[in-house]
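Subject: Structure handover

Hello,

Please find below the structure I said I would pass on. My notes on what was found in it follow after the structure itself.

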Amino acid sequence: MARSLAGFLVFSLFVSICGAASLFQPISESHRSAALELFTPDHGSFKSLEETYEALRTFEVLGIEKKPDLTASACRSISETLGSPSSTPKDLFYALKANSIAKCRINEKTSEGIITKLNAAVSGASSLLDFYYSVGGLVLIKDQTSKADVHLADAEGVFRSVKAFSQSDGRWRYSSNNPESSAFAAGIALETLAGIVSLASSEIDQSLINTLKNDISKLFDSIEKYDDGALYFDDKLVDGREYQGPLSTTSSVVRGLTAFAAVTAGSLNLPGDKILGLAKFFLGIEAPGDAKDFFNQIDSLACLENNRQEFLLVRVNTVLGSSAPPLTVKLVGAYSSGSKDKSLVESQELKFEAGTGVHILNNLPKTIDVGSYTFVFEIVLHESEHEKIYVTGSQTKVPIFVTGLIKIENAEIVLDNDLGNVEAQKKLDLAGQNAVSLSAKHLQKLRLSFQLTTPRGRAFKPHQALLKLRHESKIEHIFVVGNPGKQFEIVLVKYLLFHRLSTFLDFLQLVDKFFYLSGRYDIELTVGDAVMENSLLQAIGHVELDLPEPPEKAPRPPAQPVDPYSRYGPKAEIEHIFRAPDKRPPKELSLAFLGLTILPLLGFLVGEKSGT
């Protein structure tokens, strides 16, 4: 009896949230060597703060640890520029740019003066570069100070003023008096508008954002292409003073695009192959011999690395790998793992690319953030005859892990006294190096706090957030970082107020846990999650803790484990003192006794001979 078997169609699912530049490994030791050669300070400093920033930024991206010691000289130049009443918005802009890496201290009075000056510059701006330097400076000072009131009073009006320089082809003019437009100016404009959006106290009119997105699409219509698929922007040589060349122009556009994408909701709807083409352009240059070109290459690759393209790829084939017949793939539902709530997405059809044979969803819905999900797909065959040949099943559930870079900000460590007054407050860079040094007495408390934000701007709670204190005697104490809201905080040392009915008895337990050991405690923070791509294990610094003397029945520190391999090491040297030898008789006396001992033997020998 004949039997027919229907062919099964199999899902192959690929989820990617990654930057195009991460597909390559362009950075090598040759780039790092070239950076050290190109960015060489003259007598310990560079000619300008612009060059200082470009050097520091390049070293930061390349991860050059043994870079020239520029911090001291940079901070001197930065302080002089920020404190000078004659500094222009351009001077302040590059000083703040350099300070974003050098991390020099800016006092509150200087910050207020800078904010006032830059706000006045925005109000009086008449060219694109005027807006660029003044708005960019306000964005930088907002990030570098604790002032939360840095904003533009009429952000939408400033937005429209900058937008007036745009042209119908997506390029921009530098001023109303200059009829020539350029792609380089477009990058500057996009970066400026991104700053305006971030400084706005209320939401910008969405129609303005949509119009700008349309301008970006028009700009990409003029992009140029090499035979290998590399894409780049270039301007016609109209004015030699403004012509930047393909590398500088493309770099300006990339910086503007990534800055604008970071502050606006929704997608720019740029095809992934365009982003890939831009990455190919920068990667094909190798290591430029000019410092400015080198900076533009490295900085642009870093922007592409951080600006991630989100897309979903689905491939459907038979169980033996044969191509599937014409069909449609639909995403009909998405649920958080373990949740039975309403689907996070509406039913939508994936776009089919005949060249690659995959079904693509270019942008994941905004409801999908980092985390674990279950996606539900449905296959619909185009031809009814194929339903007699292939079995697709009703719906296919696929577990999905969406990973991403978590933003870590507002990290600080605070030392309070017994009255609740702040005695020491240190800002932390949990993505860089920290060397905090604190001294605390038993009547003080120490607080560590930070915020975690997903790429979608939502608060993120990691699977693991631990703080470790390691005493100089190698005894370790681990604390779980709590999350009382959006702010992660841990109180390590609570007040020691010895009231019988007080609620501070928990600290007595903590003192017992510390075994009343005063001295140096190294501080180490661990934050990790399966979907967090930038999990960290960070040494923060140390605290000299002065605890009270232990009571009579205080617990003793545990014995430290003995290294089992220590028995194979060198043993301690044994020193032994021998007793002094007895005093010997004179040499003559010893010889006399020897002679007396030998005489009987000689007599015996003589008697034996005469007898024979």
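**The second largest pocket**

Six helices, namely α2 (49-62), α4 (89-102), α6 (128-144), α8 (183-199), α10 (245-263) and α12 (291-306), each give at least two residues to the lining of the second largest pocket. Please keep in mind throughout that this is a predicted model. The volume of this pocket is about 570 Å³. Its lining consists of 25 residues, and those nearest the pocket centre are E50, Y94, F184, I188 and K292. By class, the lining holds 10 nonpolar, 5 polar and 10 charged residues. Both domain 1 (25-122) and domain 2 (151-302) take part, with at least three lining residues drawn from each.

**The disulfide**

With sulfur atoms required to lie within 2.5 Å of each other, the model has 1 disulfide. The cysteines are C75 and C104, with an S to S distance of 1.9 Å. C75 sits in helix α3 (residues 71-83), while C104 is in the loop between α4 and α5 (108-123); the two are 29 residues apart, and the pair links distant parts of the chain. Which hand does the disulfide of C75 and C104 have? The torsion about its S-S bond is about -85 degrees, so the disulfide is left-handed.

**The four-strand sheet**

Sheet strands pair through backbone hydrogen bonds, in either a parallel or an antiparallel sense. Here, 4 strands make an open sheet in the order β8-β7-β11-β13, and the pairing is antiparallel. β8 (348-349) and β13 are at the edges with a single partner strand each, so each has one side without a neighbour in the sheet.

Strand β7 (residues 327-336) pairs with strand β11 (residues 371-381) over 9 bridges in the antiparallel sense. Within this pairing, L331 is opposite F377 of β11, and A334 is opposite F375 of β11. β11 is also joined by 7 bridges to strand β13 (residues 396-402), again antiparallel. F377 has T396 as its bridge partner in β13. F377 therefore appears in both pairings, facing L331 and bridging to T396.

**The five-strand sheet**

Another open sheet has 5 strands, ordered β16-β22-β21-β18-β19, and its pairing is mixed. Its edge strands, each pairing on one side only, are β16 (436-441) and β19 (476-480). From one strand to the next, the twist averages 25 degrees.

Inside this sheet, strand β18 (residues 464-471) runs antiparallel to strand β21 (residues 519-528), and 8 bridges hold the pairing. One of the residue pairs there is L467 with its bridge partner L525 in β21.

**Where to look**

To find these features on screen, E50 and K292 are among the residues nearest the pocket centre, C75 and C104 mark the disulfide, F377 marks β11 in the four-strand sheet, and L467 with L525 marks the β18 and β21 pairing.

Regards

How values were computed. Residues numbered from 1 in each chain as written. Predicted model: local features only at pLDDT ≥ 70, side-chain atom pairs only at ≥ 80, totals over all residues. Heavy atoms only, no water. 1 Å grid on protein atoms, 1.4 Å probe; cavity = no way out; pocket = protein on both sides within 12 Å on 5 of 7 lines; lining within 4 Å. Points joined across faces, edges and corners; volume = space filled by probe spheres on them. Nonpolar A, V, L, I, M, F, W, Y, C, P; charged D, E, K, R; others polar. Domains from an automatic or database assignment. Pairing = 2+ DSSP bridges. Axes fitted to C-alpha atoms, helices over the stretch in contact; angles between N-to-C directions.
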